[in-house]
Amino acid sequence: MFSRSYTNLLDLANGNLSALDYGGGGGAGGGGGAGNGGRPPRARRMQRTMTTPGTLVELDEERAGSVASDVQSSLAGDRLIVVANTLPVRGERRADGRGWSFAWDEDSLLFHLRDGLPDDMEVLYVGSLRADVPPAEQDDVAQALLERFRCVPAFLPKDLCDRFYHGFCKQTLWPLFHYMLPFSPDHGGRFDRSQWEAYVLANKLFSQRVIEVLNPEDDYVWIHDYHLLALPSFLRRRFNRLRIGFFLHSPFPSSELYRSLPVRDEILKSLLNCDLIGFHTFDYARHFLSCCSRMLGIEYQSKRGYIGLDYFGRTVGIKIMPVGINMTQLQSLLQHPDLERQVAELRNQFNRKTVLLGVDDMDIFKGIDLKILAFEQMLKTHPKWQGRAVLVQIANPKGGSSKDLEELQAEIKESCQRINDQFGRPGYSPVIVINRTLSSIERMAYYTIAECVVVSAVRDGMNLTPYEYIVCRQGLAGLDDSGDNRPRGKSMLVVSEFIGCSPSLSGAIRVNPWNTDSTAEAMNECIALSDNEKQLRHEKHYRYVSSHDVSYWSKSFIHDFERSCRDHFRRKCWGVGLGFGFRVVALDRNFKKLTVDSIVEDYKKSKSRVILLDYDGTLVPQTTMNKTPNETVVSMMNTLCADKKNVVFIVSGRGRDSLEKWFYPCPELGIAAEHGYFMRYDLYIVFLTLLQIFSVLTFCIMIHLVFIFQLLMGIS
Ligand SMILES: O=P(O)(O)OC[C@H]1O[C@H](O[C@H]2O[C@H](CO)[C@@H](O)[C@H](O)[C@H]2O)[C@H](O)[C@@H](O)[C@@H]1O
């Protein structure tokens with residue numbers, strides 16, 4: 001089956017795409033059919049390059065008009081290209097070494113976002129694979145992924161990937177966006193420009209993959225997360241009217257942190273090439289808006305609940321919508337036959353002990369060390385829990401290593417040893433750290449037996465651990481509509497106030513994770529609460545989490561995305577600027593670009609003219625230290641003023657003293673200093689101007705009187 005994307009790549013690859021199973025035999029293991037493979041093909045339109053980087057190009061008006069009439073408010077039948085650093089598929093080399101097998105990554109949020117889209121909206125993914133595919137096999141792998149999963153892989157050379165991902169992403173952006181200045185002695189103490197260059201180059205390679213499959217007039221491109229902040233600029237440069245959306249999954253830091261980034265303007269300007277930018281929380285959006293205001297002088301406006309930034313005539317929408325979990329997937333996992341057995345095994349292992357649970361990536365910002373210290377403190381200040389409470393910490397290894405991470409792991413190990421030595425006894429280890437990635441079912445089993453989940457991250461964009469926990473604790477009760485007799489779920493949460501999900505969980509006990517004593521108190525309070533209180537809080541959370549799931553999030557984003565792009569083809573667009581300064585200037589269709597010739601012609605034809613001139617940036621360069629006008633400017637002013645048809649004024653925020661001194665040699669020039677608070681003008685010119693206005697008014701009044709007279713006399 002051929003879709004538009006398929007045929008596009010076909011043009012490019014020019015190879016044999018008939019083989020459905022790369023590697024001989026089973027091919028992409030399981031799940032290929034979960035894609036959009038069954039959808040009927042649609043006629044493909046040729047893509048058009050609309051501007052050349054760095055030039056000033058007016059788009060062809062006829063085309064804009066014809067497309068405008070095509071624009072429909074519904075998204076049905078449109079195509080969405082989801083771009084992210086990694087594709088939502090897992091790849092593995094076959095055991096026999098011949099080829100690869102692939103499967104959907106059901107833990108990936110990108111895989112589930114399709115649930116919120118219209119049924120007939122085709123989805124295509126562009127991103128890199130987690131597997132290391134040798135160059136000789138890349139074409140075949142790309143072909144298999146496209147056919148079976150609608151995925152377009154971006155293969156970055158290893159060296160580039162290291163400097164892009166392990167370099168700029170993980171050493172600069174990840175710490176900075178999580179409130180840590182990355183320019184520490186560990187990182188050479190300064191900004192590494194070559195890593196930034198690798199980041200830009202990697203983003204460019206992603207843009208090339210997108211462009212290969214893009215139909216710029218039909219497609220929506222939705223970019224995800226901090227790895228691809230430079231991508232909007234590359235796409236906008238090629239396609240002035242392309243619909244570009246972006247969602248940032250990590251936090252956006254306060255402008256006081258962000259402004260330390262040497263490439264701060266480049267990144268902001270690139271994001272402003274989007275049509276809609278999404279954040280999990282109001283705070284992240286607020287930080288972004290204040291960066292735009294403080295660093296680029298761009299202010300936002302809020303109208304009827306929508307926030308927008310005016311960027312050279314284009315409105316860039318801001319969307320605040322936290323992501324959710326996939327309810328359908330979790331509920332089907334809850335019915336998995338293995339779950340019951342695993343829950344029974346864990347219950348047996350923990351033998352009626354109260355389990356507090358942590359599920360985090362092994363990352364320096366997850367506050368795992370702080371959680372363990374708080375648990376130790378709880379055992380000390382509330383000894384009743386000694387022998388009765390256990391902290392189970394699941395730490396997903398994330399790959400990669402750094403000095404910070406090694407130190408953290410050593411500290412965690414040392415703390416666990418100390419606590420277990422002090423409070424442990426035969427058959428009782430108070431702290432258990434599991435340093436491996438658990439299967440989804442194992443994770444569900446731990447959630448099911450946990451009395452409380454503790455998230456003590458010092459920063460996290462969202463964090464969906466509490467959401468998964470709440471749904472698991474609701475268990476099958478959530479699936480059962482049989483009425484009042486069903487068991488009531490209960491769950492308790494201690495969550496850091498520095499994570500994105502915190503504002504949505506009003507029944508959780510919120511803590512400052514840096515305050516070990518108060519986190520210890522919160523842990524004690526959580527597990528000691530009455531069952532009724534735990535149930536009430538749980539039910540409130542469950543109602544929210546189950547109704548604000550991942551499909552709710554993607555549906556809402558796409559709805560606003562479509563709305564933000566609705567009048568794209570009704571505007572006139574010009575691409576201007578170089579590099580990250582590139583932007584599209586969008587104007588109403590009735591606007592005409594002024595040319596010097598037309599201005600000169602109109603100037604000559606006019607009988608009286610008012611000429612208002614700004615000073616800085618108009619008569620003297622903005623950047624110069626010496627603000628005194630040179631002789632040419634003074635002589636030009638006198639030439640303009642000498643023409644009796646002209647009234648010439650300088651309108652400036654500058655003080656009257658300097659302006660008056662500088663333009664002393666131009667006695668007929670009007671000056672409005674300090675934004676018009678002080679005025680200097682030649683009374684003769686004002687008299688002439690007033691006379692002109694007066695004579696025009698007198699003429700108008702006369703015309704009106706004649707008209708009224710005619711009416712009264714019944715003359716038509
Ligand atoms: O480690 P990376 O490959 O660079 O990816 C960063 C993290 O991405 C995902 O987390 C982010 O998105 C989540 C959903 O919106 C959000 O809850 C979290 O706060 C974000 O950081 C992924 O879940 C993490 O494992 C990655 O480390």
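Colleague: Let's start with Arg286: is it buried, partly exposed or exposed, and what is its relative accessible area?

Modeller: Bear in mind that this is a predicted model. Buried would need a value under 20% and exposed one over 50%. Arg286 falls in between and counts as partly exposed, with a relative accessible area of 42%.

Colleague: And which residue does the Arg286 side chain meet in a salt bridge?

Modeller: Look within helix H10, which covers residues 282–296. The partner sits three residues from Arg286 there, so about one helical turn separates the two. This partner is partly exposed as well, at 38% relative accessible area. The N to O distance is 3.1 Å, and the residue is Asp283.

Colleague: Now Arg473 and Glu451, whose side chains also meet in a salt bridge. How many residues apart in sequence are the parts they tie together?

Modeller: Their N to O distance is 3.6 Å. Arg473 belongs to helix H16 (residues 465–474), whereas Glu451 is in the loop between helix H15 (440–449) and strand E16 (452–455). The pair therefore ties together parts whose separation in sequence is 22 residues.

Colleague: Are Arg473 and Glu451 buried or exposed?

Modeller: The cut-off to use is 20% relative accessible area, and a residue under it is called buried. Arg473 and Glu451 are both buried.

Colleague: Take Arg566 and Glu562, another salt-bridged pair. Which of the two counts as buried?

Modeller: Their side chains meet at 3.1 Å, N to O. Arg566 has a relative accessible area of 32%, so it is partly exposed. The partner, at 3% relative accessibility, is the buried one: Glu562.

Colleague: Which residues do salt bridges with shared partners join into one network?

Modeller: The structure holds 33 salt bridges. Some of them share partners, and the network they form takes in Glu451, Arg473, Lys490, Asp531 and Lys534.

Colleague: Over to the second largest pocket: how many of its lining residues are charged?

Modeller: This pocket has a volume of about 640 Å³, and 29 residues line it. Seven of the lining residues are nonpolar and nine are polar. The charged ones number 13.

Colleague: Which helix supplies at least two residues of that lining?

Modeller: Among the residues nearest the centre of the second largest pocket are Gly308, Thr315 and Arg563. Strands E10 (300–303), E11 (306–311) and E12 (314–320) each give at least two residues to the lining. The helix that does so is H19 (550–564).

Notes: Residues are numbered from 1 along each chain as its sequence is written. This is a predicted model: local features need pLDDT of at least 70, side-chain atom pairs count only at pLDDT 80 or more; totals for chains, interfaces and linings use all residues. Side-chain values use heavy atoms; hydrogens and water are left out. On a 1 Å grid over the protein atoms alone, a cavity is a set of points where a 1.4 Å probe fits but cannot get out, and a pocket is an open set with protein on both sides within 12 Å along at least five of seven lines; lining residues have an atom within 4 Å of a point. Grid points are joined across faces, edges and corners, and a volume is the space filled by probe spheres set on the points. Helices (H or I, at least four residues) and strands (E, at least two) are DSSP runs, numbered from the N terminus. Ala, Val, Leu, Ile, Met, Phe, Trp, Tyr, Cys and Pro count as nonpolar, Asp, Glu, Lys and Arg as charged, and the others, Gly among them, as polar. A salt bridge is a side-chain nitrogen of Lys or Arg within 4 Å of a carboxyl oxygen of Asp or Glu. Buried means under 20% relative accessible area, exposed over 50%, partly exposed in between (1.4 Å probe, protein chains only).
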